[in-house]
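Biologist: I should be grateful for a close look at a single part of this model, namely the disulfide and the strand and loop regions around it. Please set the part within the whole chain and keep the account connected.

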Amino acid sequence: QVQLVESGGGSVQAGGSLKLSCATSSINYHMGWFRQVPGKEREGVAAIRSDGATTYADSVRGRFAISKDNAKNTLYLQMNSLTPEDSAMYFCAATPVIVANRELDGRAYRYWGQGTQVTVSA
C-alpha cells in the first residue's frame, strides 16, 4: 500500500509561517492536503494532480502553496500569513485516480497519513 507520513506542524503566532511535509512511497499519485477541527467537517485545503495541476480552497488561496519533490518522494504545503482559523489537524492524502472537480473532496482519496497538528495563536 501507499504510506504517508506528515511532519512540520507546530505552534506559531498569527502572521507566521509553517511548511508541512508528507513523505510518501508513491509521489506520482494525485495528492492533497486536508484539515479538520473537532466538531467541524473535514476541509480540503490544497491538491496537486500527478501532472502538477493545483487546486486551492478559497480560504487559503494566495497564502498557501502546494508542491512536490519527485526526487525526494515528498509533498509540501507552504503556509504563510497564518491566522487562528488555520488551526487544525492537517492530513495528507493520495489516490491513484481522481475525478475532475473533486480534488478537494476527501472521499475521493484512498490513502491517508496520521496527521500533524497546526496551532496558530492570536
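Modeller: What follows starts with the chain as a whole, turns to the disulfide, and then follows the neighbouring strand and loops.

The model is predicted. The chain has 11 strands and zero helices, and read from the N terminus its elements are accordingly β-β-β-β-β-β-β-β-β-β-β. For 122 residues a compact globule would have a radius of gyration near 14 Å, and the 13 Å of the chain agrees with that. The C-alpha trace spans about 40 × 30 × 25 Å along its principal axes. Of the 122 residues, 45% are buried. Among contacts with a separation of 6 or more, 58% are between residues 24 or more positions apart. The accessible surface is about 6,300 Å², and carbon and sulfur atoms hold 45% of that surface. As for charge, there are 12 positive and 10 negative side chains, with the centres of the two sets 3 Å apart.

Against this background stands the disulfide. A disulfide is a covalent bond between the sulfur atoms of two cysteines. The structure holds one, and it joins Cys22 to Cys92 with an S to S distance of 2.0 Å. That distance counts as a disulfide because the cut-off for a pair of cysteine sulfur atoms is 2.5 Å. The angle about the S-S bond is 55°, and the link of Cys22 and Cys92 is right-handed. Distant parts of the chain are linked by this pair: Cys22 belongs to strand 3 (residues 18-24) and Cys92 to strand 9 (residues 88-95), and the two cysteines are 70 residues apart. Cys22 has a relative accessible area of 0% and is therefore buried. The value for Cys92 is likewise 0%, so Cys92 is buried.

Strand 9 also contains Ala93. With a relative accessible area of 0%, Ala93 is buried. Leaving aside residues up to four places away in sequence, Ala93 touches Leu4, His30, Met31, Gly32, Phe34, Tyr109, Tyr111 and Trp112. One of these partners, Trp112, lies within strand 10 (111-112). By contrast, the C-alpha atoms of Ala93 and Ala14 are separated by 26 Å, with their positions 79 residues apart along the chain.

Next comes the loop between strand 8 and strand 9, where Ser81 is placed. Most residues other than glycine have a negative phi. Ser81 is not a glycine, yet its phi is positive, at about 50°. Its relative accessible area of 42% makes Ser81 partly exposed, because that class covers values between 20% and 50%.

Glu85 is in the loop between strand 8 and strand 9 as well. At a relative accessible area of 72%, Glu85 is exposed. Glu85 can also be related to the disulfide: Glu85 and Cys22 are 63 residues apart in sequence, and their C-alpha atoms are 22 Å apart in space.

Ser87 likewise lies in the loop between strand 8 and strand 9. Its relative accessible area is 19%, and Ser87 counts as buried because the limit is under 20%. Apart from residues up to four places away in sequence, Ser87 touches Val37, Val118, Thr119 and Val120. From C-alpha to C-alpha, Ser87 and Gln36 are 8.7 Å apart, although 51 residues apart in sequence.

On the other side of strand 9, the loop leading to strand 10 (111-112) holds Asn101. Asn101 is a residue other than glycine with a positive phi, near 70°. With 77% relative accessibility, Asn101 counts as exposed.

One further loop completes the account. Asn73 is placed between strand 7 (64-69) and strand 8 (74-79). At 32% relative accessibility, Asn73 counts as partly exposed. Asn73 and Gly16 are 57 residues apart along the chain, and 26 Å separates their C-alpha atoms.

To draw the part together, the link runs between Cys22 in strand 3 and Cys92 in strand 9. Cys22 is buried, Cys92 is buried, and Ala93 in strand 9 is buried too. In the loop between strand 8 and strand 9, Glu85 is exposed, Ser81 is partly exposed and Ser87 is buried.

Methods:
Residues are numbered from 1 along each chain as its sequence is written. This is a predicted model: local features need pLDDT of at least 70, side-chain atom pairs count only at pLDDT 80 or more; totals for chains, interfaces and linings use all residues. Side-chain values use heavy atoms; hydrogens and water are left out. Helices (H or I, at least four residues) and strands (E, at least two) are DSSP runs, numbered from the N terminus. The radius of gyration is taken over C-alpha atoms; the globule rule is 2.2 Å times the number of residues to the power 0.38. Buried means under 20% relative accessible area, exposed over 50%, partly exposed in between (1.4 Å probe, protein chains only). Contact means heavy atoms within 4.5 Å. Accessible areas come from the Shrake-Rupley method with a 1.4 Å probe; for residues, only the protein chains shown count as cover. Lys and Arg count as positive and Asp and Glu as negative; His and the chain ends are not counted. The place of a charge is taken as NZ of Lys, CZ of Arg, CG of Asp or CD of Glu.
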